[in-house]
Amino acid sequence: MGSDMDDTRWMRRALELARQGEARAGTSPIGCVLVCDGAVLAEACNEVDLRHDPTAHAEIVAIRRAGERLGNPELRGVVLYTTLQPCGMCTMASIWAKIGRIVFGAGRDDVHPMYFEDRHFDTLDFIRDAFRNDLALEGGVLAAECATLYVPPEANVPKDQQFNR
């Protein structure tokens, strides 16, 4: 387990990446940092539009970079920090990569529902169902600050302007 100070430090870095993603064409404000033994292993923001790839979520891009850097698909002992609760795809990738801990900022209830699947797939369900007792999950680190990057839950966004729907 990481310390609260470490979690805050790395979440602040994820927030920086998210803000960079918000400002750069083709990327969006979700930031992810993978940390191993107190050092950055890989980092990314969401690059879906930049790469024309629906799987280029910040977590997936960072996991790919870490695997390339290590020459190994297994990321045991690595902590994944992300500004938004991982979607089902990113959670499953974390499980397959054998990441040791996931720490996220804003959760499902902190943002508009368009950020998540219509059905209630929850990160905790995926981890429990994968029979991973060596994967820890912690949410709510700098949640309020992370949530400011996204559309609030009560916003009235017209259906035709919502993504992921």
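**Salt bridges, sheet and helices in a predicted model**

Let me begin with a salt bridge, the one that Glu 145 forms with Arg 19, in which the closest N and O atoms are 3.1 Å apart. Glu 145 belongs to helix α6 and Arg 19 to helix α1, so this pair ties together parts of the chain that are 126 residues apart in sequence. I should say at once that what we are looking at is a predicted model. As for their surroundings, Glu 145 is partly exposed, with a relative accessible area of 27%, and Arg 19 also counts as partly exposed, at 37% relative accessibility.

Staying with helix α1, which covers residues 4–23, we find a second pair, Glu 16 and Arg 13, both within that helix and three residues apart, which is about one turn. Glu 16 forms a salt bridge with Arg 13, and here the closest N and O atoms are 2.8 Å apart. With a relative accessible area of 41%, Glu 16 is partly exposed.

The third pair I would like to show is Glu 47 with Arg 65, whose side chains meet in a salt bridge at 3.1 Å, N to O. Glu 47 sits in the loop between β2 (39–46) and α2, whereas Arg 65 is in helix α3, so the pair ties together parts that are 18 residues apart in sequence. Which of these two partners is buried, and which is partly exposed? Glu 47 is the buried one, with a relative accessible area of 4%, and the cut-off for that word is under 20%, while Arg 65, at 32% relative accessibility, counts as partly exposed. Nor does this pair stand by itself, for Arg 24, Glu 47, Arg 51 and Arg 65 are linked in a network of salt bridges. Taking the whole model by the rule applied here, the count comes to twelve salt bridges.

Let me turn now to the sheet. In what order do the five strands of the open sheet come? The order is β2-β1-β3-β4-β5, and the pairing is mixed. At the edges stand β2 and β5, each with a single partner strand, so one side of each is left without a neighbour in the sheet. From one strand to the next, the twist averages 15°.

Looking at one of these pairings in detail, strand β1, residues 28–36, runs antiparallel to β2 and is joined to that strand by seven bridges. Within this part of the sheet, Cys 36 stands opposite Ala 39 in β2. Helix α1, which we met through its salt bridges, packs on the sheet, where it touches β1, β2, β3, β4 (101–106) and β5, and its direction makes about 145° with that of β1. Helix α3 packs on the sheet as well, touching β1, β2 and β3, with a direction that makes about 145° with that of β2.

To look inside the sheet, consider Thr 83, which is found in strand β3, residues 79–84. Is Thr 83 buried or exposed? Thr 83 is buried, with a relative accessible area of 0%. Leaving aside neighbours within four places in sequence, the residues in contact with Thr 83 include Met 11, Ala 14, Leu 15 and Ala 18, then Pro 29, Ile 30 and Gly 31, and further along the chain Gly 105, Ala 106, Cys 146 and Tyr 150.

Let me contrast this with Leu 50, which has its place in helix α2 and is partly exposed, with a relative accessible area of 42%. Not counting residues up to four places away in sequence, Leu 50 touches Arg 24, Ala 25, Gly 26 and Thr 27. Leu 50 and Ser 28, for their part, are 22 residues apart in sequence and 9.3 Å apart in space, C-alpha to C-alpha.

I will finish with two points of backbone geometry. His 52 has a positive phi of about 55° although this residue is not a glycine, and its place is in the loop between α2 (48–51) and α3 (58–70). His 52 is exposed, with a relative accessible area of 72%. Leu 142 likewise has a positive phi, near 55°, in a residue other than glycine, and is found in the loop between β5 (136–139) and α6 (143–147). That last helix, α6, is also where Glu 145 lies, which brings us back to the salt bridge between Glu 145 and Arg 19.

Note on methods
Residues numbered from 1 in each chain as written. Predicted model: local features only at pLDDT ≥ 70, side-chain atom pairs only at ≥ 80, totals over all residues. Heavy atoms only, no water. Helix = DSSP H or I, 4+ residues; strand = E, 2+ residues; numbered from the N terminus. Buried < 20%, exposed > 50% of the residue type's maximum accessible area, 1.4 Å probe, protein only. Contact = heavy atoms within 4.5 Å. Salt bridge = Lys/Arg side-chain N within 4 Å of Asp/Glu carboxyl O. Pairing = 2+ DSSP bridges. Axes fitted to C-alpha atoms, helices over the stretch in contact; angles between N-to-C directions.
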